[in-house]
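Me: I'd like to practise reading a structure with you, one feature at a time. Could you take me through this one?

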Amino acid sequence: MRNRLLAGVALAALAIPSSVTGQWVVGAQAGLAGFAVAGQAPEGGSYGRHVRVLASGLIGYRLGTSVVLRVEPGLIQKGAGVFYDVEGVEEPVDSLSLNLDYISVPVVGQVFTPGGRGFVTGGFEVGLLSSAVVATGDADEQDVKDLLESTDLSWMFGAGGLVRRTQPEVSLELRYSQS
């Protein structure tokens with residue numbers, strides 16, 4: 001039901017890794033993610049995209065010179081909205097919002113280009129639902145966590161590059177994720 005574009009415009013994907021020992025990489029990252037719902041919208045309505053925040057740590061192990069296997073445990077917010085056309089109002093009205101908070105554990109393979117500046121990523125993510133709230137246009141909120149699956153499994157792929165190669169390294173990455 002949830003088609004998520006984790007445009008992990010990890011815009012601030014401050015993957016700030018620094019080598020602990022020769023092969024280990026540790027760091028932190030933060031970013032923005034856009035989420036949408038797929039499927040047939042209710043009559044007179046449409047689905048809207050929400051932009052949320054994500055933050056995580058990362059620990060990786062370098063396999064050779066160009067491959068890093070990473071685990072990125074963290075917190076991610078997801079959500080979407082339902083918009084309805086209201087007579088006499090030009091723009092659709094945001095009538096319902098679903099806000100989900102997950103503790104996520106992505107496992108990601110990162111492969112660097114020969115020059116070491118660019119990279120591609122791919123992997124999967126297990127998310128554990130920690131909170132789920134539906135909010136209506138009049139600010140009424142209802143906890144719906146018990147009505148949803150407690151686990152979310154997604155696959156992902158992305159690409160990015162190092163903005164700064166000296167320690168601490170800083171990278172910028174875009175990711176797509178699908179549940």
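Me: Let me start with a single pair: which residue in S4 is the bridge partner of Phe35?

Reply: Happy to begin there: it is His50. Keep in mind as we go that this is a predicted model. That pair belongs to the antiparallel pairing of S3 with S4 (residues 45–63), which runs over twelve bridges.

Me: What other strands does S4 pair with, and in which sense?

Reply: S4 pairs with S6 (residues 74–84) in the antiparallel sense, over eight bridges. Arg49, for instance, has Ala80 in S6 as its bridge partner. S4 also pairs with S5 (residues 67–71), again antiparallel, over five bridges; here Arg62 is matched with Val68 in S5.

Me: And what should I look at in the hairpin of S4 and S5?

Reply: Look at Gly64: it takes a positive phi near 80° in this hairpin, where three residues lie between the strands.

Me: How many helices and strands does the whole chain have?

Reply: There are zero helices and eleven strands, so the pattern along the sequence is simply β-β-β-β-β-β-β-β-β-β-β. Of the contacts with a separation of 6 or more, 59% join residues 24 or more positions apart.

Me: How do I read the nonpolar core, and which residues make up the largest one?

Reply: The general idea is that in soluble globular proteins, nonpolar side chains tend to be buried together. In this model the largest nonpolar core has ten residues: Ala33, Phe35, Leu54, Ile76, Leu98, Leu100, Tyr102, Leu129, Ala132 and Val144. S3 (24–37), S7 (93–112) and S8 (118–136) each supply at least two of them, and S7 gives the most, with three. Notice that Phe35, from your opening question, is among the core residues.

Me: What share of the chain is buried, and what does the surface look like?

Reply: Buried residues make up 37% of the 179 residues. The accessible surface comes to about 9700 Å², and 62% of that belongs to carbon and sulfur atoms.

Me: Last one: where is confidence lowest, and where is it highest?

Reply: As a general rule, where pLDDT is low, the predicted coordinates should not be read in detail. In this chain, confidence is lowest in S1 (residues 2–9), at a mean of 33, and highest in S5, at 95. Over residues 1–21 pLDDT stays under 50, and the model has 96 contacts beyond four places in sequence for them. The chain as a whole averages a pLDDT of 81, with 82% of the residues scoring at least 70.

Terms used
Residues are numbered from 1 along each chain as its sequence is written. Side-chain values use heavy atoms; hydrogens and water are left out. A nonpolar core is a set of buried Ala, Val, Leu, Ile, Met, Phe, Trp, Tyr and Cys residues joined through side-chain atoms within 4.5 Å. Buried means under 20% relative accessible area, exposed over 50%, partly exposed in between (1.4 Å probe, protein chains only). Helices (H or I, at least four residues) and strands (E, at least two) are DSSP runs, numbered from the N terminus. Two strands pair if DSSP finds at least two bridges between them. pLDDT is the predictor's confidence in each residue, from 0 to 100. Contact means heavy atoms within 4.5 Å. Accessible areas come from the Shrake-Rupley method with a 1.4 Å probe; for residues, only the protein chains shown count as cover.
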